[in-house]
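Let's take a walk through this structure, starting at the ligand and then moving out into the rest of the chain. Keep the 3D view open as you read.

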Amino acid sequence: MKNVAQSGGPNGVRSREQCAELDALDRLAPARARFKLPPGVIYLDGNSLGAMPLVTASRVQDALERQWGDRLIASWNDAGWVDLPQRLGAKIAALVGAADDEVVVADSTSVNLFKLLSGALAQRPGRQVILSERGNFPTDLYIAQGLIRQLGGQHELRLVERQDLAAGLNSEVAVLLATQVDYRSGSRLDMASLTGAAHAAGALTIWDLAHSAGAFRVELNAAQADFAVGCGYKYLNGGPGAPAFLFVARRHQQDFTQPLSGWFGHEQPFRFETDYRPAPGIARALCGSPPILSMVALEAGVDTMREALAGDSMAALESKAAALTTCFIDLVAPLAEEYQLELVTPRAPAARGNQVSYALGDGEHAYALVQALIARGVVGDFRTPNIARFGFAPLYLRFVDVWDAVGHLRTVLANREWDNARFRTRQSVT
Ligand SMILES: *Cc1c(COP(=O)(O)O)cnc(C)c1O
């Protein structure tokens, strides 16, 4: 596995047997057995909703029957419910290059963005601009817009193209709000260099790690990142709508304030004081009671990843992801050429996340292509305007899956299977 990844990927894979050999050498291969994966499905959408770890069902069942059913309210103390946001945050911290007391689990990515953006703006009085990219994931932009309205409209959300973020930094910018891996193209920003540029301009950074956490090696502290949010239901396999996490660098915690000053962020919630006093550390980023059942499921996902890595680091995960995506890109290349699929994902592994995306004709064509693949058990997804997107979760995908997925793609294209009315009806979630 190591050699494969270090040489930049298994260039020149030409047979299913070769893929099987790569799987046999893959130290992470046993991790697949920790997931429930329906037979006949090649799941290339773990970047949108991660697969279910097998332990999740029994962990949630235990939380229901024993912790809640039998032990009732005692479980807030006995089962450690009350500090689950911090305990789970510390586990996630180890996956994203942060210290234990810099990450906490709470709310959704969107809500956490609101809290961090408020706190970051408050730390840069006199600066009016939130700098972000036009193609950012919509919720990031919507949250910024809503916060600006709430603050009275004095601030400005300034949107530039992704490649112009560094150039857009200047003395007006309070906060750089950047998503490390673009949800459409899969391109990855260099966190350390962009954070350095932001600091040089006197700005703070908020990194959205939705498609980074659990996908590859993230080094928040090595990059001097200020704030970050991330998603629990993508590569961390926490289940649909899993709680999200947020990171506040230790050097900012003392001055960090946020407007959702609920009782779980109070220094002493169970003193029931009249006035809010923020907790000394990362806990001040909390708002209300944690959703325990969902957090138990997220913890099962995070534990599954930690156990599967068993001594290997996130670098091992990153190597495998790079090899899988390289293998897919190489195998699809002749088809892309023949059928006008435009690779919109960077070819250099370090410049992309764990997804590979193609732009294809108009949106209808790309959507139908994805649906035709799903009908064959190859589950990717569609993103407007015309993107077919395939995610490669390194914990449970094999090189033979890549081979087989490309085989299905070849058949769908050669037989024009996408050209069927039943593949054109859009459902509400694409
Ligand atoms: C998936 C995703 C989110 C999700 O936000 P929620 O509040 O969990 O719905 C946010 N930002 C980015 C960049 C995403 O990819």
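Y233 puts a polar side-chain atom 2.9 Å from an oxygen atom of the ligand. Bear in mind that this is a predicted model. K234 makes a contact of this kind too, with a polar side-chain atom 2.7 Å from a ligand oxygen. With T109 it's the backbone that takes part: one of its polar atoms there is 3.5 Å from an oxygen atom of the ligand. Here they are together:

| Residue | Part of the residue | Distance to a ligand oxygen |
|---|---|---|
| Y233 | polar side-chain atom | 2.9 Å |
| K234 | polar side-chain atom | 2.7 Å |
| T109 | polar backbone atom | 3.5 Å |

How much of the ligand does the protein bury? On its own the ligand would expose 390 Å², and 87% of that is buried by the protein. As for where it sits, the ligand takes up the space of the largest pocket. Two elements give two or more residues each to the surrounding shell, namely α6 (109-122) and α7 (138-150).

Now for the full cast around the ligand. The residues are S108, T109, S110, F137, T139, D140, T179, D208, A210, H211, Y233 and K234. Sorted by class, that shell holds six polar residues, three charged ones and three nonpolar ones.

Away from the ligand, let's look at charge pairs. Side chains of opposite charge can pair when their charged atoms come close. How many salt bridges are there in this model? The count comes to 28. One to pick out in the viewer is R59 with D303, where the closest N and O atoms are 3.0 Å apart. This pair ties together distant parts of the chain: R59 belongs to helix α3 (residues 54-70) and D303 to helix α10 (residues 292-309), with their positions 244 residues apart in the numbering.

Finally, a couple of backbone oddities. Most peptide bonds are trans, and most residues other than glycine have a negative phi. Against that background, the peptide bond from T384 to P385 is cis, its omega being near 0°. You'll find P385 in the loop between β14 (381-383) and β15 (387-391). N237 isn't a glycine, yet its phi is positive, near 60°. It lies in a loop as well, between β9 (227-230) and β10 (244-248).

Conventions
Residues numbered from 1 in each chain as written. Predicted model: local features only at pLDDT ≥ 70, side-chain atom pairs only at ≥ 80, totals over all residues. Heavy atoms only, no water. Near = heavy atom within 4 Å. Polar contact = N/O pair within 3.5 Å; in protein donor to acceptor, adjacent residues only side chain to side chain. Areas by Shrake-Rupley, 256 points an atom, 1.4 Å probe, with all protein chains shown as cover. 1 Å grid on protein atoms, 1.4 Å probe; cavity = no way out; pocket = protein on both sides within 12 Å on 5 of 7 lines; lining within 4 Å. Sits in = over half its atoms within 2 Å of the grid points. Helix = DSSP H or I, 4+ residues; strand = E, 2+ residues; numbered from the N terminus. Nonpolar A, V, L, I, M, F, W, Y, C, P; charged D, E, K, R; others polar. Salt bridge = Lys/Arg side-chain N within 4 Å of Asp/Glu carboxyl O.
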